[in-house]
Amino acid sequence: MTRLENWIFVNRTDLYGNNYQKLIGNVYGHSMQNEDTGELCDGNNIITSKLVHFDVDNMVAITQSGTVYELGVKAN
């Protein structure tokens, strides 16, 4: 499972005035990791797609792209 460390919520508004959230953090173990370009490599800082589910009890977030993130330590 993809893990996100040092993460925070980011609030956004789309062109129609709808609010949504994303996460920013350091990614580890992403299935789309590309070592040639450095994209999504372990430790890189990323912004996720829109959050569609957040499970605070299990510290898991699911994004619109379908990625399931295990949430580690939250940033201060």
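Alanine 61 is a good place to start looking around this predicted model. Setting aside residues up to four places away in sequence, alanine 61 touches Leu23, Leu51, His53, Phe54, Thr67, Val68, Tyr69 and Leu71. Alanine 61 also belongs to the largest nonpolar core, together with Leu4, Trp7, Leu23, Val27, Ile46, Leu51, Tyr69 and Leu71. That core has nine residues, and strands E1, E2 and E6 each supply at least two of them.

**The strands around the core**

How many helices and strands does the protein have? There are zero helices and six strands, so-called β elements that run β-β-β-β-β-β from the N terminus on.

Strand E1 covers residues 2–13 and pairs with two partners named here: strand E6 (residues 68–71) and strand E2 (residues 19–28). With E6, the pairing is parallel and has three bridges. In one of these contacts between strands, leucine 4 has leucine 71 of E6 as its bridge partner. Both leucines are also on the list of core residues.

With E2, strand E1 pairs in the antiparallel sense, over nine bridges. Threonine 13 stands opposite asparagine 19 in E2. E1 and E2 form a hairpin with five residues between the strands. Within this hairpin, glycine 17 takes a positive phi near 85 degrees.

As you trace a strand in the viewer, keep one rule in mind: in a regular strand the side chains alternate between the two faces of the sheet.

**Two backbone angles to look for**

Glycine 17 is joined by two residues other than glycine that have a positive phi: asparagine 6 and methionine 59. Asparagine 6 lies in strand E1, whereas methionine 59 is found in the loop between strand E4 (51–55) and strand E5 (60–63). Phi is near 50 degrees for asparagine 6 and near 50 degrees for methionine 59.

**Buried or partly exposed?**

The table lists the relative accessible area of four residues from this report.

| Residue | Relative accessible area | Class |
|---|---|---|
| Tryptophan 7 | 2% | buried |
| Methionine 59 | 25% | partly exposed |
| Phenylalanine 9 | 29% | partly exposed |
| Asparagine 6 | 43% | partly exposed |

Tryptophan 7 has a value of 2%, so this residue counts as buried, because buried means under 20%. Across the protein, buried residues make up 28% of the 76 residues.

**Aromatic rings**

The count of aromatic pairs comes to three. In one of them, the ring centres of tryptophan 7 and phenylalanine 9 are 5.4 Å apart and the planes stand at 90 degrees, so the pair is edge-to-face. Which residues do ring pairs link into a cluster? They are Trp7, Phe9 and Phe54. Phe54 is also one of the residues touched by alanine 61, which brings us back to our starting point.

**The protein as a whole**

Now zoom out. A compact globule of 76 residues would have a radius of gyration near 11 Å, and the protein agrees with this at 12 Å. Along the principal axes, the C-alpha atoms fill a box of roughly 35 × 30 × 25 Å. The accessible surface comes to about 5,000 Å², and 46% of it belongs to carbon and sulfur atoms. Finally, consider the contacts between residues at least 6 apart in sequence: 37% of these join residues at least 24 apart.

Note on methods: Residues are numbered from 1 along each chain as its sequence is written. This is a predicted model: local features need pLDDT of at least 70, side-chain atom pairs count only at pLDDT 80 or more; totals for chains, interfaces and linings use all residues. Side-chain values use heavy atoms; hydrogens and water are left out. Two strands pair if DSSP finds at least two bridges between them. Helices (H or I, at least four residues) and strands (E, at least two) are DSSP runs, numbered from the N terminus. Buried means under 20% relative accessible area, exposed over 50%, partly exposed in between (1.4 Å probe, protein chains only). A nonpolar core is a set of buried Ala, Val, Leu, Ile, Met, Phe, Trp, Tyr and Cys residues joined through side-chain atoms within 4.5 Å. Contact means heavy atoms within 4.5 Å. The radius of gyration is taken over C-alpha atoms; the globule rule is 2.2 Å times the number of residues to the power 0.38. Accessible areas come from the Shrake-Rupley method with a 1.4 Å probe; for residues, only the protein chains shown count as cover. Rings of Phe, Tyr and Trp (its six-membered ring) pair if their centres lie within 6.5 Å; planes under 30 degrees apart count as stacked, over 60 as edge-to-face and the rest as tilted.
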